[in-house]
Amino acid sequence: MTHTGPVDVNRDTYIRWRIFTLAIIASFVAYVLRSNMSIAGDALRKDLGFSLSELGLILAANAWAYAIFQFPGGVFSDHVGPRKALTVIMVIWGVITILTGLIPDTGVLPVSAALLLLIVLRFMYGMAMAPVYPITAGVIFRWFPSSSWALPNGLSSTGLTLGAAATAPAIAWAAQNYGWRNSFLLAAPLAFITAAVWWWYGRDTPGQHPAVTPVELELIKAGRGADIEIPPEPGAWKKVLRNRNILLLTGAYFCMCYTFYIFFNWFYIYLVDVRGFKALEGGFLAAAPWITGAITATLGGALCDHLCVRIGPRWGCRLPAVVGLSLVSVLLVGGAMADNPYTAVVLLSLCFGCTQLTEGAFWYAAISVAGRNSASACGIMNTGGNAVGGVGALLIPVIAEHVGWIPALASGSVFAVTGVVLWLFIRADEVMEAGK
């Protein structure tokens, strides 16, 4: 049973927001279990005798797998439906997190074997996590009216950022008090609990959910007919791959996410090793960009929805993206060059917040262009956004070790400016036609 008591069929029951809340919780859990390596990684590498570059290989393995399997993850979601797809991958997250916490000492395994095992496990986690946002995009397309796509996408980024924000102090505390292995083992049950609740309550489409009233169903379908109940076209991924706007979005998302991954992979280590903060203080301060991002992702989504209604999707998506990326390019350099470490934290937190200001625009544009093929289209876009994570995981420590951390951080400004240029050519109002 998914509800109790009689349902008033003449009112909006807001089941779409309950479904979406579960998707946000899944996003939160995904990033708790993913970003724990960035926080516990410093204790892990010192315990197992890894260099900074070897830790970079572990982080890069996760990023590359996450990027490579975005598009297959979107196709997988289109094929089996969001309910089954999200349940399966969450169970896998929990299993891999447990296995990571069971890595033995280097007295049992040689350093090289421990390194290889962690690379394999993080690659597998990246592969299993890859479908989560293509799945979420498909849920938003099916469960929300077309006038309200950006806010849910912004809120899904809020779940991501809050997950990362919670991870930094919690994992730093757990790793310091109970060891890095237990920091993984304590987090793993979150995946199993969320998977069970999602399977119990979630449905692929509003028409399948017993608690959705005709009023809510009509609201969701407004202006779209029955397309939310129609499965994606056979071979839709080929059409999506040829679409000019999806490819431009992919390139622009690649550029934005270069800066995202600077924060995701290296910000805690930068605060402790470069700015001189203590481990626990660094853990709390490392949460600041993610909390800022949680606020700006929500604001950016609401702003994008408002602009798309007022001036149309082309400029409604373009303006938040261009403004956000322009601010990223300035704040990243300013934070890198700040003399006072607390000033640096403030500027860099605002910089990360500006990356999240653009999230709603990216995902709204992809859904607007691709329609019922949204999961595949968003999988392609997110491939670009996360392929750069593998690049940055290796490039940032190389630049930092050979030139310094100021050029390493400031390299993100070049990508941000490139993203601005690409957005000037993206037309979110050009909807893909069936069969083309």
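How exposed is Glu 430, as a relative accessible area? Glu 430 is partly exposed, at 31%. Here buried means under 20% relative accessible area, exposed means over 50%, and partly exposed lies in between (1.4 Å probe, protein chains only).

This is a predicted model, in which local features need pLDDT of at least 70, side-chain atom pairs count only at pLDDT 80 or more, and totals for chains, interfaces and linings use all residues. Residues are numbered from 1 along each chain as its sequence is written, and side-chain values use heavy atoms, with hydrogens and water left out.

## Salt bridges

A salt bridge is a side-chain nitrogen of Lys or Arg within 4 Å of a carboxyl oxygen of Asp or Glu. By this rule the count is seven. Three of them are tabulated.

| Acid | Base | Closest N and O atoms |
|---|---|---|
| Asp 47 | Arg 181 | 3.4 Å |
| Asp 429 | Arg 314 | 3.3 Å |
| Glu 430 | Arg 427 | 3.2 Å |

Arg 181 and Asp 47 form a salt bridge. The pair links distant parts of the chain, 134 residues apart: Arg 181 sits in helix H8 (residues 180–187) and Asp 47 in helix H1. Helices are DSSP runs (H or I, at least four residues), numbered from the N terminus. Asp 47 is partly exposed, with a relative accessible area of 36%.

Asp 429 pairs with Arg 314 in a salt bridge. That pair also links distant parts of the chain, 115 residues apart. Asp 429 is in the segment after helix H19 (405–423), and Arg 314 is in helix H15 (residues 313–337). Asp 429 has a relative accessible area of 32%, so it is partly exposed. Arg 314 counts as partly exposed because its relative accessibility is 26%.

Glu 430 forms a salt bridge with Arg 427. Arg 427 is partly exposed, at 29% relative accessibility. Salt bridges that share partners join Arg 314, Arg 427, Asp 429 and Glu 430 into one network.

## Helices H19 and H17

The expected span of a helix is 1.5 Å times one less than its number of residues. H19 has 19 residues and reaches 29 Å from its first C-alpha to its last, close to the expected 27 Å. Its buried residues include Trp 405, Leu 409, Val 420 and Trp 423. Gly 412 and Gly 419 are also among the buried residues of H19.

Helix H17 (residues 359–370) has 12 residues, so its span should be 16 Å; its end C-alpha atoms are 17 Å apart, which agrees. H17 is mostly covered: 12 of its 12 residues are buried. Among them are Glu 359, Phe 362, Trp 363 and Tyr 364. Just after H17, Gly 371 takes a positive phi of about 60 degrees.

## Packing around Val 29

Val 29 lies in helix H1 (residues 15–48). At 3% relative accessibility, Val 29 counts as buried. Contact means heavy atoms within 4.5 Å. Not counting residues up to four places away in sequence, Val 29 touches Trp 93, Tyr 125, Leu 190, Ala 191 and Thr 194. Val 29 and Gly 94 are 65 residues apart along the chain, and their C-alpha atoms are separated by 9.8 Å.

Thr 194 belongs to helix H9 (residues 189–201). Thr 194 is buried, with a relative accessible area of 10%. Under the sequence cut-off of four places, Thr 194 touches Ile 25, Ala 26, Val 29 and Met 90.

An α-helix has 3.6 residues a turn, so residues three or four places apart point the same way.

## Nonpolar surface patch

Patch residues have over 30% relative accessible area and no salt bridge; nonpolar side chains (Val, Leu, Ile, Met, Phe, Trp, Tyr) are joined within 5 Å, and like charges within 9 Å. Accessible areas come from the Shrake-Rupley method with a 1.4 Å probe; for residues, only the protein chains shown count as cover.

One nonpolar patch has about 850 Å² of accessible area in total, and its members include Leu 57, Trp 64, Leu 116, Phe 123 and Leu 395. Helix H2 (52–68), helix H5 (111–129) and helix H18 (374–402) each supply at least two residues. H5 gives the most, with five residues. Leu 116 is in helix H5. Its relative accessible area is 53%, so Leu 116 is exposed.

## Cysteines

A disulfide is a pair of cysteine sulfur atoms within 2.5 Å. The structure holds zero disulfides. For Cys 317, the nearest cysteine sulfur is that of Cys 308, 3.9 Å away. Cys 317 is buried, at 0% relative accessible area. For Cys 351, the nearest cysteine sulfur is that of Cys 354, 6.9 Å away. Cys 351 counts as buried, at 0% relative accessibility.
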